[in-house]
Amino acid sequence: MFYRLIYSSRAKHPIDFDDIVRNSQKRNVAFGVTGGLAIVGDVFLQYLEGPEAEVEWLFERISADERHTDVRVLERRAVPRRMFGQWSMAMLSWVEETQMIFQSFSPDAGLDLSKTDPTTAAPLFRAWAATSHWHNGEVHPSTAGR
């Protein structure tokens with residue numbers, strides 16, 4: 001059994017996409033955590049999965065990080081298997097297809113990830129996971145929602 005936690009937050013400072021993905025990958029491998037990250041503007045929407053204690057510990061660190069504000073948990077629960085088992089952390093490219101998927105799950109949110117509907121956050125990530133718009137290596141702002 002695994003555990004997932006989905007949250008949104010807002011960055012207080014300019015975002016270094018490469019640094020976020022690189023550090024998340026290193027840290028997550030050490031803790032057996034995998035997941036996906038969507039960033040649009042200064043808003044993060046992240047899906048973390050793995051052993052419950054490790055996911056919660058990482059989330060506590062994220063919540064306490066002064067680079068984040070408006071941290072909002074959308075879902076916490078046990079799950080039977082991983083959705084993002086093939087990578088420690090990958091970033092979603094914000095392209096027309098991924099935007100349309102987001103709008104279909106949160107139609108009243110425009111393109112604001114902070115308005116993600118908590119009841120559809122997991123199915124949203126499942127739909128995104130089925131696309132080829134993920135990067136688990138070097139990320140550039142042109143492919144990450146800017």
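This briefing covers the sheet, the nonpolar cores, the largest pocket and one loop residue of the structure above. The model is predicted. Six strands make up an open sheet with mixed pairing. The largest nonpolar core holds 23 residues, and a second, separate core holds 18. The largest pocket encloses about 440 Å³.

**Sheet**

- The strands of the open sheet run in the order 4-1-3-2-5-6.
- Strand 4 (68-79) and strand 6 (134-135) are the edge strands; each has a single partner strand, so one side of each has no neighbour in the sheet.
- Strand 1 and strand 4 are antiparallel to each other and are joined by nine bridges. In this part of the sheet, leucine 5 sits opposite arginine 76 of strand 4.
- Strand 1 also pairs with strand 3, again in the antiparallel sense, over eight bridges. Tyrosine 7 faces glutamine 46 of strand 3 as its opposite residue.
- Strand 2 and strand 3 pair in the antiparallel sense over seven bridges, and threonine 34 is opposite glutamate 49 in strand 3.
- Strand 2 and strand 3 also form a hairpin, with two residues between them. Glycine 41, in the turn, has a positive phi of about 60°.

**Burial of strand 3**

- Eight of the eight residues of strand 3 are buried.
- Both faces of strand 3 are covered. Val43, Leu45, Tyr47 and Glu49 are buried on one side.
- On the other side of strand 3, the buried residues are Phe44, Gln46, Leu48 and Gly50.

**Nonpolar cores**

- In the largest core, the residues with the most contacts inside it are Ile6, Leu45, Leu113, Phe125, Trp128 and Trp134.
- At least two residues of this core come from each of strand 2 (34-40), strand 3 (43-50), strand 5 (90-92), helix 3 (96-105) and helix 4 (121-129).
- Helix 4 gives the largest share of this core, with five residues.
- Apart from neighbours within four places in sequence, phenylalanine 125 is in contact with Ile6, Gly36, Leu45, Gln46, Tyr47, Met83, Phe84 and Trp134.
- The second core, separate from the one above, has 18 residues, including Tyr3, Ile20, Leu48 and Val55.

**Largest pocket**

- The lining of the largest pocket consists of 20 residues. Ile20, Arg27, Asp65, Arg67 and His68 lie nearest the centre of the pocket.
- Strand 1 (2-11), helix 1 (17-31), strand 3 and helix 2 (52-64) are the elements that supply two or more lining residues.
- Helix 1 makes the largest contribution to the lining, with five residues.
- By class, the lining has nine nonpolar, five polar and six charged residues.
- Ile20 belongs both to the residues nearest the pocket centre and to the second core.

**Threonine 120**

- Threonine 120 lies in the loop between helix 3 and helix 4.
- Threonine 120 counts as buried because its relative accessibility is 17%, and the cut-off for buried is under 20%.
- Leaving aside neighbours within four places in sequence, threonine 120 is in contact with Phe105 and Ser106.

Technical notes. Residues are numbered from 1 along each chain as its sequence is written. This is a predicted model: local features need pLDDT of at least 70, side-chain atom pairs count only at pLDDT 80 or more; totals for chains, interfaces and linings use all residues. Side-chain values use heavy atoms; hydrogens and water are left out. A nonpolar core is a set of buried Ala, Val, Leu, Ile, Met, Phe, Trp, Tyr and Cys residues joined through side-chain atoms within 4.5 Å. Buried means under 20% relative accessible area, exposed over 50%, partly exposed in between (1.4 Å probe, protein chains only). Helices (H or I, at least four residues) and strands (E, at least two) are DSSP runs, numbered from the N terminus. Contact means heavy atoms within 4.5 Å. On a 1 Å grid over the protein atoms alone, a cavity is a set of points where a 1.4 Å probe fits but cannot get out, and a pocket is an open set with protein on both sides within 12 Å along at least five of seven lines; lining residues have an atom within 4 Å of a point. Grid points are joined across faces, edges and corners, and a volume is the space filled by probe spheres set on the points. Ala, Val, Leu, Ile, Met, Phe, Trp, Tyr, Cys and Pro count as nonpolar, Asp, Glu, Lys and Arg as charged, and the others, Gly among them, as polar. Two strands pair if DSSP finds at least two bridges between them.
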